[in-house]
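This report describes side-chain contacts in a single structure. The sequence and the model are shown below.

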Amino acid sequence: MKKLAAFSVLFLAACKPPPTDADMNRDLPQAAPVFASAPLPSPDTEGAMWARTSNQSGGQNGPRLIYGIPGSPALIALECVGDEGALPAIQITRLTQADEDAGALLALVGNGHIGRIEVDETEVGGRSVWQGSAPAADIVWEPLVGPRQLTVTVPGAGMVTMNPSALPAQLIENCRTS
């Protein structure tokens with residue numbers, strides 16, 4: 001009888017293998033996949049221009065420029081930022097809808113240079129936009145300094161073609177020397 005009981009226990013143990021990590025994952029609900037929003041078309045920039053504007057933040061920030069077609073919402077904002085005693089930086093904002101908690105590389109291409117700046121989804125004026133900054137002395141700003149047309153691209157937010165202007169170069173130079 002003892003042999004039969006021992007054999008039964010061994011037989012039952014052999015029928016059901018021990019638990020594994022795979023068994024644990026089977027009972028967990030699958031997380032919903034997160035996808036980026038549909039890509040936005042590139043805006044028409046015929047007639048777009050740079051313009052000086054007042055600082056919206058009201059803080060320590062310096063001069064600010066916006067780029068767009070007069071009478072239409074701005075497409076790009078450029079601003080000299082920094083606290084007293086800190087090295088000045090240039091902040092660029094692509095004024096279009098950004099996905100929550102998203103990040104990307106904004107590319108500035110033109111005038112014989114390519115600059116890439118990390119941008120993140122940031123709340124500005126109650127809406128989510130792409131915003132990032134880099135030291136004013138950084139070479140990433142060189143595409144804005146030249147006299148020719150350039151493009152600004154954020155993946156999924158379209159490509160903005162920027163017409164030539166001396167204003168961005170002036171802002172960058174003033175920020176570098178402040």
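Which side chains meet in a salt bridge at 3.0 Å, N to O? They are those of Glu142 and Arg176. The model in which this contact occurs is predicted. The contact links distant parts of the chain, since Glu142 belongs to helix α3 (residues 142-145) and Arg176 to helix α4 (residues 167-177), 34 residues apart. Arg176 has a relative accessible area of 27% and is therefore partly exposed, as this value falls between the 20% limit for buried and the 50% limit for exposed residues.

The structure holds two salt bridges. Besides the contact of Glu142 with Arg176, there is a salt bridge between Arg64 and Glu79, whose closest N and O atoms are 3.7 Å apart. Here the partners lie in strands: Arg64 in strand β2 and Glu79 in strand β3 (residues 76-81), with their positions 15 residues apart in the chain. Arg64 and Glu79 are both buried.

| Salt bridge | N to O distance |
|---|---|
| Arg64 and Glu79 | 3.7 Å |
| Glu142 and Arg176 | 3.0 Å |

Strand β3 and helix α4 are also joined by a disulfide. A search of the whole structure finds one such link, formed by Cys80 and Cys175 with their sulfur atoms 2.1 Å apart. The link is right-handed, with 75° about the S-S bond. Cys80 is in strand β3 and Cys175 in helix α4, so that the disulfide connects distant parts of the chain, 95 residues apart. Both cysteines fall under the 20% limit and therefore count as buried: Cys80 has a relative accessibility of 8%, and Cys175 has a relative accessible area of 1%.

The aromatic residues supply a further contact. One aromatic pair is found in a search of the whole structure. The ring centres of Trp50 and Tyr67 lie 5.2 Å apart and their planes stand at 55°, so the pair is tilted; an angle over 60 degrees would have counted as edge-to-face, and one under 30 degrees as stacked. Trp50 lies in strand β1 (residues 49-53) and Tyr67 in strand β2 (residues 64-68), 17 residues apart, and the pair thus links distant parts of the chain. Trp50 is buried, at a relative accessible area of 6%. Tyr67 is likewise buried, with a value of 1%.

Taken by element, strand β2 holds Tyr67 of the aromatic pair and Arg64 of a salt bridge. Strand β3 contains Glu79 as well as Cys80. Helix α4 contains Cys175 and Arg176.

Notes: Residues are numbered from 1 along each chain as its sequence is written. This is a predicted model: local features need pLDDT of at least 70, side-chain atom pairs count only at pLDDT 80 or more; totals for chains, interfaces and linings use all residues. Side-chain values use heavy atoms; hydrogens and water are left out. Rings of Phe, Tyr and Trp (its six-membered ring) pair if their centres lie within 6.5 Å; planes under 30 degrees apart count as stacked, over 60 as edge-to-face and the rest as tilted. Helices (H or I, at least four residues) and strands (E, at least two) are DSSP runs, numbered from the N terminus. Buried means under 20% relative accessible area, exposed over 50%, partly exposed in between (1.4 Å probe, protein chains only). A salt bridge is a side-chain nitrogen of Lys or Arg within 4 Å of a carboxyl oxygen of Asp or Glu. A disulfide is a pair of cysteine sulfur atoms within 2.5 Å.
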